[in-house]
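User: Could you pick one part of this structure and take me through it slowly? I'm in my first year, so please explain the terms as they come up.

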Amino acid sequence: MYRKEFEIRWSDVDANRHLANSAYLNYTSHTRIAFLLELGLDQKSFTRLQMGPVAFYEHLYYFKEVLPGRPIQVSMEVAGMSEDGKFFEFKHDFYNHQGENVARSEMMGAWMDLKTRRLTVPPKEFIDALNAMDKQSGFRVLTKADTRKLARVPKHLNSGF
């Protein structure tokens, strides 16, 4: 399991003096990018391939309040991936300094071609790197239907503005 430690900064705290919702999202994003960097999937790779990761959703579940003054660790595991590697699902757990699981994040996304702005299958090097990572015990092979399970349809404002 990949883990990254964070010091809780003053700017990570909300009006209730505990870790703000936005900080959880920032920590999960930072953990994912740090993990990809360690796999050698860096900005040079993304630029060369003209592709990058895109998030469909990220759900947060809070179990216990996190206060400043102690570090927090964020884990990352692959929870699912499509056979072709286009879609992925990551699970993050947050642990306080005592090792207590204080929050969880479930995130689903895909790879996007930055020229066409369409979803794409990543190169074999990306798939191999993700396949080499520890898998969550409930790992599953994702299908396009899995990406639609929480589908929401946009409702646009009238064009009178």
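Analyst: Of the 161 residues in the protein, 40% are buried, where "buried" means under 20% relative accessible area, "exposed" means over 50% and "partly exposed" is in between, using a 1.4 Å probe and protein chains only. Keep in mind that this is a predicted model, where local features need pLDDT of at least 70 and side-chain atom pairs count only at pLDDT 80 or more, while totals for chains, interfaces and linings use all residues. Residues are numbered from 1 along each chain as its sequence is written, and side-chain values use heavy atoms, leaving out hydrogens and water.

The protein has four helices and seven strands; these are DSSP runs numbered from the N terminus, with helices being H or I runs of at least four residues and strands being E runs of at least two. In sequence order they read β-α-α-β-β-β-β-β-α-β-α. The part I'd like to zoom in on is β4, residues 87–95.

So why pick β4? Nine of its nine residues are buried, so the rest of the structure largely encloses this strand. You can check both faces: on one side sit F87, E89, K91, D93 and Y95, on the other F88, F90, H92 and F94, and all of them are buried.

Now for the strand's partners. Two strands count as paired if DSSP finds at least two bridges between them. β3 and β4 run antiparallel and are joined by six bridges; one of these places E77 opposite K91 of β4. The two strands make a hairpin with four residues between them, and G85 in that turn has a positive phi of about 85°. On to β5: it pairs with β4 over nine bridges, again in the antiparallel sense, and here F87 has A110 of β5 as its bridge partner. That hairpin has five residues between its strands, and G99 in the turn has a positive phi of about 85°.

Let's stop at one residue of the strand. E89 belongs to β4, and its relative accessible area is 8%, so E89 is buried. Its side chain makes a polar contact of 2.9 Å with the side chain of R140; a polar contact is a pair of N or O atoms within 3.5 Å, where, within protein, one must be able to donate a hydrogen and the other to accept it, and residues adjacent in sequence count only if both atoms are side-chain atoms. Contact in general just means heavy atoms within 4.5 Å. Leaving aside neighbours within four places in sequence, the contacts of E89 include Y57, E77, M107, L142 and K149.

Next, the nonpolar surroundings. In soluble globular proteins, nonpolar side chains tend to be buried together. A nonpolar core is a set of buried Ala, Val, Leu, Ile, Met, Phe, Trp, Tyr and Cys residues joined through side-chain atoms within 4.5 Å. The largest one here has 19 residues, and F35, F90 and W111 touch the most other members. At least two residues of this core come from each of α1 (21–38), β3 (72–82), β4, β5 (101–113) and α3 (124–132), with α3 giving the largest share at four residues. There's also a second, separate core of 14 residues, and F94 is among its members.

Since α3 gives so much to that first core, here's how it sits: F126, I127, A129 and L130 are buried. Looking down the helix axis, the buried residues fall within an arc of 165° (taken from the directions from the axis to the C-beta atoms), so they line one face of α3. K124 and A132, on the other side of the helix, are exposed.

Finally, the rings. Rings of Phe, Tyr and Trp (its six-membered ring) pair if their centres lie within 6.5 Å; planes under 30 degrees apart count as stacked, over 60 as edge-to-face and the rest as tilted. F88 and F90 belong to one aromatic cluster together with F46, W111 and F126. In that cluster, W111 is buried at 1% relative accessible area, and F126 is buried at 0%. W111 and F126 make an edge-to-face pair, 5.1 Å centre to centre with 75° between the planes. The pair links distant parts of the chain, with W111 in β5 and F126 in α3, 15 residues apart.
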